[in-house]
Amino acid sequence: MKLKKVLYIVLTLVFAATITLALTACKDDEKFDPSKITFVLDWAPNTNHVGLYVAKNLGYYAEEGLEVTLSSPGPPAVPPTFRRAWGSSA
């Protein structure tokens, strides 16, 4: 019975430490501005993105106080995982 109590206390402390470290790691020093949005499309603009472009051209985003940038990362010559590994965000 005593072993179960010790195990319960140890697991509770490990859980609390994990949660504390996870929440501390989520701290962001930069101020987040929710009105500035960069929307990265698939690889190239296509018919799935029509609504995004129409809304931007008709000023719907601006009406809501949003500054939206639509970005195309380019051709899939290099897979995204390799781009991230090399330090490129595109």
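What follows is a friendly exchange about a predicted model, with a few of its labels put to the test.

Colleague: Let's start with the layout: how many helices and strands does the protein have, and in what pattern?

Modeller: There are four helices and two strands. Along the sequence they follow the pattern α-β-α-α-β-α.

Colleague: Why is histidine 49 called buried?

Modeller: Histidine 49 has a relative accessible area of 5%. Buried means under 20%, so histidine 49 earns the label. Histidine 49 sits in the loop between S1 and H2. Setting aside neighbours within four places in sequence, histidine 49 is in contact with Leu41, Asp42 and Ala44.

Colleague: And why does tyrosine 60 count as partly exposed?

Modeller: Its relative accessibility is 45%. Partly exposed covers what lies between the buried limit of 20% and the exposed limit of 50%, so tyrosine 60 belongs in that class. Tyrosine 60 is placed in helix H3, residues 60-63.

Colleague: What makes tyrosine 60 eligible for a nonpolar surface patch?

Modeller: Patch residues need over 30% relative accessible area, and tyrosine 60 has 45%. Tyr is also among the nonpolar side chains that qualify. Tyr60 makes the patch together with Val50, Val54 and Leu58, and the patch area is about 370 Å².

Colleague: Which residues make up the largest nonpolar core?

Modeller: Six residues in all: Leu41, Leu52, Ala55, Tyr61, Val68 and Leu70. Helix H2 (50-57) and strand S2 (67-71) are the elements that give two or more residues to this core. As background, nonpolar side chains tend to be buried together in soluble globular proteins.

Colleague: How do you know that tyrosine 61 is buried?

Modeller: A nonpolar core is a set of buried residues, and Tyr61 is one of the residues in this core. Therefore tyrosine 61 must be under 20% relative accessible area. Not counting residues up to four places away in sequence, tyrosine 61 touches Gly51, Leu52, Ala55, Lys56, Leu66 and Val68.

Colleague: What makes valine 40 and proline 73 a contact pair?

Modeller: Contact means heavy atoms within 4.5 Å, and Pro73 is listed with Ser71 as a contact of valine 40. The C-alpha atoms of valine 40 and proline 73 are separated by 7.0 Å, although the two are 33 residues apart along the chain. Valine 40 lies in strand S1, residues 36-40.

Colleague: How much of the whole protein counts as buried?

Modeller: Of the 90 residues, 11% do. The accessible surface comes to about 7,800 Å², with 66% of that belonging to carbon and sulfur atoms.

Colleague: Where does the label "signal peptide" come from?

Modeller: From an unreviewed UniProt entry, which lists residues 1-22. In the model that stretch is 95% helix and 0% strand, with end C-alpha atoms 32 Å apart.

Technical notes:
Residues numbered from 1 in each chain as written. Predicted model: local features only at pLDDT ≥ 70, side-chain atom pairs only at ≥ 80, totals over all residues. Heavy atoms only, no water. Patch = residues over 30% accessible without salt bridge, like charges linked within 9 Å, V, L, I, M, F, W, Y side chains within 5 Å. Areas by Shrake-Rupley, 256 points an atom, 1.4 Å probe, with all protein chains shown as cover. Salt bridge = Lys/Arg side-chain N within 4 Å of Asp/Glu carboxyl O. Buried < 20%, exposed > 50% of the residue type's maximum accessible area, 1.4 Å probe, protein only. Core = buried A, V, L, I, M, F, W, Y, C linked by side-chain atoms within 4.5 Å. UniProt positions renumbered as here; feature names shortened; annotations may be inferred.
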